[in-house]
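Hi,

Here is the structure I promised to pass on. Have a look at it first, and then read my notes below.

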Amino acid sequence: MLNFDFYNPTQILFGKGRIADLSKVVPADARVLVLYGGGSIKSNGVFDEVMAGLAGRTVFEFAGIEPNPSYETLMHAVELVRKEKLDFLLAVGGGSVIDGTKFVAAAVNFEGDPWAILEKRGRNITQALPFGSILTLPATGSEMNDGSVVTRKSLQAKVAFSNKLVFPKFSILDPTKTFSLPVKQIGNGVVDAYAHVMEQYMTYPVNAPVQDRFAEGLLLTLIEEGPKALANPEDYDTRANIMWCATLALNGLIGAGVPQDWSTHMVGHELTALYGLDHAQTLAIVLPSMLRVRKEGKRAKLLQYAERVWNITEGSEDARIEQAIQRTQEFFEKMGVKTRLGDYKLGTQNIDAILKHLESHRMVTLGEQRDVTLDVSRKVLELSL
Ligand code: NZQ
Ligand code: ZN
């Protein structure tokens with residue numbers, strides 16, 4: 001096992017009716033900004049519960065944080081916080097709202113142009129406002145981690161940053177609040193969580209059986225529960241299991257002490273920045289090809305994955321690996337997320353632009369061995385046509 005630090009200060013309040021507990025976790029004298037997206041929380045009752053939970057506090061609202069939150073929009077929230085001297089943020093929504101709130105928390109008292117936070121990937125954050133989250137879309141894990149991804153539309157740049165000062169103080173996870181998700185977002189969430197596990201598991205063995213088995217447990221659970229959520233959207237236990245899987249997939253637990261990849265995510269971010277694909281759609285396109293192209297470096301773990309996750313034990317090594325990748329791809333499709341560039345009207349003509357963006361963002365030595373060069377990324381994209 002590799003050396004590691006493990007730090008996670010986020011308190012989780014999980015279960016039906018937990019939004020009422022806001023009154024216990026938000027300071028009574030807080031001046032709160034509630035941040036949210038395009039309005040789903042108004043139609044599914046979450047907003048009213050949040051306001052009831054915050055009763056007695058000074059509360060302002062900031063609506064309109066879009067999927068793949070933009071720097072341009074978030075800077076308006078920063079101005080509001082500064083103007084009204086607010087001191088506590090509450091993100092209510094999916095990964096985009098939570099990520100956006102992390103940026104606002106760090107930007108409000110940042111000296112200089114807050115875009116520098118993204119340029120330095122968060123290393124220059126020295127303080128952040130406290131914030132909590134109410135999660136409505138299980139997918140990103142943002143509710144229990146210190147990462148965030150912000151897009152600057154004017155530059156077509158989608159940039160990730162992290163800093164331990166932007167862990168949420170608490171996150172409330174009420175699975176009943178996910179009943180209203182559109183079918184597309186159910187699939188997106190399951191595929192994103194699956195890809196998070198794969199980016200931390202599918203590397204090379206370092207004799208870390210605990211992390212491996214946690215990771216395999218999460219994958220098996222997503223494979224079992226994902227289709228049930230599509231078939232029976234109001235099944236509480238299914239939604240609860242998916243929600244907890246997505247949180248554990250990216251809260252540091254399974255990634256501690258093991259090598260990590262993240263190349264699929266980095267290539268995927270360029271697809272979103274350039275063509276507006278949903279985050280999970282990009283992962284469904286890139287991940288299967290990434291595994292095929294990098295089969296040699298990942299051979300031992302691919303064979304372990306084939307056996308333990310897909311129960312594939314017969315045939316040559318190469319045949320077992322290909323079958324496991326095929327099953328992964330079929331699972332994404334089953335969740336309603338298409339896996340080819342062509343499904344999104346993209347083709348050979350787009351590949352150079354994607355590679356150019358990767359190069360300009362210095363994404364030229366990705367992966368656990370830093371061997372995912374632009375040539376490798378090109379092969380991956382060509383295989384995804
Ligand atoms: O805006 P509203 O009206 O709320 O609608 C949202 C949005 O349109 C809707 N939605 C959310 N909860 C709902 C709901 N609709 C009905 N009922 C509910 N309960 O879903 C749509 C998508 O929301 P979004 O927050 O964009 O989705 P997701 O949670 O998948 O977040 C994606 C963003 O997170 C980043 C991605 O890059 C992307 O920008 N990621 C963040 C990570 C992190 N912080 O660790 C890691 C991930 O790999 C990822 O990169
Ligand atoms: Zn992701």
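Ile-321, Ala-324, Ile-325, Thr-328, Gln-329, Phe-331 and Phe-332 are the buried residues of helix H13. Keep in mind that this is a predicted model. If you look down the axis of H13, those buried residues fall within an arc of 155 degrees, so they line one face of the helix. The spacing in the numbering fits a simple rule: an α-helix has 3.6 residues a turn, so residues three or four places apart point the same way.

What covers the buried residues of H13? Helices H7 (183-201), H8 (209-231), H11 (279-293) and H12 (299-310) are among the elements that do. As for H13 itself, the helix runs over residues 317-334, which makes 18 residues. From first C-alpha to last, H13 reaches 26 Å, close to the 26 Å expected at 1.5 Å a residue. After H13 comes Gly-336, with a positive phi near 85 degrees.

Next, the empty spaces. How many cavities of 30 Å³ or more does a search of the whole structure find? There are 3 of them, and the largest has a volume of about 70 Å³. H7 turns up again here, giving 4 residues to the lining of the largest cavity, the largest share. Helix H9 (236-249) also supplies at least two residues of that lining. Among the lining residues are Leu-181, Gln-185, Ile-186, Val-190 and Ile-242. By type, the lining of the largest cavity splits into 7 nonpolar, 3 polar and 1 charged.

There are pockets to look at too. The second largest pocket holds about 170 Å³ of space. Helix H6 (115-119), strand E7 (157-162) and helix H14 (348-360) each bring at least two residues to its lining. Try finding Trp-115, Glu-119, Val-159, His-357 and Arg-362, which are among the residues that line this pocket. The lining of the second largest pocket has 4 nonpolar, 3 polar and 3 charged residues.

Last stop: Leu-385, in the segment after helix H15 (374-383). Is Leu-385 buried, partly exposed or exposed? With a relative accessible area of 36%, Leu-385 is partly exposed. Leaving aside neighbours within four places in sequence, Leu-385 is in contact with Arg-340, Leu-341, Gly-342, Gly-347, Thr-348 and Ile-351. Met-1 and Leu-385 are 384 residues apart in sequence, and their C-alpha atoms are 37 Å apart in space.

Cheers

Technical notes:
Residues numbered from 1 in each chain as written. Chains lettered and ligands numbered in written order. Predicted model: local features only at pLDDT ≥ 70, side-chain atom pairs only at ≥ 80, totals over all residues. Heavy atoms only, no water. Expected span 1.5 Å × (residues − 1). Buried < 20%, exposed > 50% of the residue type's maximum accessible area, 1.4 Å probe, protein only. Arc of directions from axis to C-beta. Contact = heavy atoms within 4.5 Å. 1 Å grid on protein atoms, 1.4 Å probe; cavity = no way out; pocket = protein on both sides within 12 Å on 5 of 7 lines; lining within 4 Å. Points joined across faces, edges and corners; volume = space filled by probe spheres on them. Nonpolar A, V, L, I, M, F, W, Y, C, P; charged D, E, K, R; others polar.
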